[in-house]
Amino acid sequence: MNKMTLTWRAILLASLSVALFGCALDDDAPTQETTKSSISLTLDNGQTMMDAYPGDTIRVKVESKELKDIVGTTSNSAWNVNYDEEKSELTIIAPVVCTSGPAKVMVSGVDQRGQVFRSLVSLTLNDYSDLRGTFILNEGSVWSTPSEMSSLIYISPRTSATPYVYESINGRAPGACSQDMFESGGKYFVISQNRNPDTDGQLTIFDTKTLRKIGNYPFKEKELDWPTHLAVVDGYKIYIRDNKGIWFFNTAYSANTLKFIEGSRGARKNTMAVSNGKVFFSKNNYLKVIDPESNTIVHEVKYGGNISGVINADDDHLYVSNLEKGIGKIRLVNTKTYEVEKVNEITKENGGDLLAMTFAAAPGISAKGDTIYYSSLGQKVYRHLFSTGESKLMVDVKETLNPEHTQTYNTVQVNPTTGHVYMNTLMGFGPLYKTNTIYRFDMTGDKAVLLNRWENLTRFPAGIFFPRGTTPAAKK
């Protein structure tokens, strides 16, 4: 090919480019080299991608130069997006329904020449089974008008607190005056005291990942006398405690009948534990054991004082707490042999008197590994290291954080995965119950560090619960 042919081809291509893309070559049009306008997004994790959790509030820093008409849009309408011009901040709220799918969120702005600039972040949506999450089950209240039904609060691993998650997903409250919640076989079981046709029943069962209802059982009138607690083995063998004692209920049976467990009369109104495939409960100063194979009490042991807590420890063991002659005691019990392998004594100076049995519906102790926390119904929280026997006052909430609050509603609980300690307080009873606080602490150091506090979300919290997956409560 000769030089003349190449020259004419170059001229022809240049002419065609001007004809097709003349606007891009306009002296007045912005180019990457000439424009000063820009926009960029940074999620609160410092990146442009994030794994979110249901109900999460995510704040995105929007950095823009010489742009106007900035708006945020999403590829998935289940995700809520709002841009705050004053703060130059985009707020994204993840959907409560965890099957809603991921989203791409775009922020765009227009410069003075009319050119649109865009920036994008991507979000995925996890389910409710992450072990770092937290649930708070609200009883509801008869003091409000109309009466409030029970509800469920979810605190995500990113620490967004979302009330009414069960109702938002299923359309109705889980029950009326709900008292306890138990995980087994990939399902949550909630027991409520009252039969209310506008709720999902006295016994409500829902999926641990999605919180979608699986089943509900209202029972017949007076069939149960104010049920308060439950334990579940293998995901379908249910043990319900009421004012009479403990009843067995099997969801795999079509008859759906209740059977009373002989010898359980007078079972304490408190949390039961499942370990090594058996159900453990207390009655005054007795620890008793139900074998689901025979549905009979196969063992009982008497201690020197009324039991305040029966909770799971590691490797088929339980911690059992009580007060004996003014000395607090925590025992490590082997659930295979029923032997007490170790007993730690705690003096009054170290809060040992707080291990006395009270009317609290939650256990008097809570543990992550060998680190145990206790507060009874007060606002002083102690930490006990079972391996060393050391006890230490970690925080006095009333004195240091919330002197106006007169009530601790149920006991402190520690997340067995994160080690963070949770506590609920109220300003008082009657109409004051709506003024309340949820606290989250890190108590691994020499003193408690307040990580978060959420205001006015609880409605008489029956208990604090954590996803456990295949950890002790779900093991056979």
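Two strands pair if DSSP finds at least two bridges between them. The model used in these exercises is predicted.

**Exercise 1.** Find how S2 and S8 run and how many bridges join them.

*Solution.* Step 1: count the bridges. 4 bridges join S2 to S8. Step 2: check the sense. The two strands run parallel. Step 3: pick a contact. Met49 has Ser122 in S8 as its bridge partner.

**Exercise 2.** Place S2 and S8 in their sheet.

*Solution.* Step 1: read the order. The open sheet has 4 strands, S2-S8-S7-S4, with mixed pairing. Step 2: find the edges. S2 (49–52) and S4 (68–74) each pair on one side only. Step 3: look at S7 and S8. S7 (residues 103–110) and S8 (residues 116–125) are antiparallel, over 8 bridges. There, Val105 stands opposite Val121 in S8.

**Exercise 3.** Sort the residues of S2 by face.

*Solution.* Step 1: recall the pattern. In a regular strand, side chains alternate between the two faces of the sheet. Step 2: assign them. Met50 and Ala52 make up the covered face of S2. Met49 and Asp51 make up the uncovered face.

**Exercise 4.** Which parts does the salt bridge between Lys213 and Asp200 tie together?

*Solution.* Step 1: check the distance. The cut-off is 4 Å. The closest N and O atoms of Lys213 and Asp200 are 3.4 Å apart. Step 2: locate both ends. Lys213 lies in strand S15 (residues 213–217) and Asp200 in the loop between S13 (187–194) and S14 (203–207), so the pair ties together parts 13 residues apart in sequence. Step 3: judge exposure. Buried means under 20% relative accessible area. Asp200, at 2%, is therefore buried. Lys213, at 36%, is partly exposed.

Definitions and conventions
Residues numbered from 1 in each chain as written. Predicted model: local features only at pLDDT ≥ 70, side-chain atom pairs only at ≥ 80, totals over all residues. Heavy atoms only, no water. Buried < 20%, exposed > 50% of the residue type's maximum accessible area, 1.4 Å probe, protein only. Salt bridge = Lys/Arg side-chain N within 4 Å of Asp/Glu carboxyl O.
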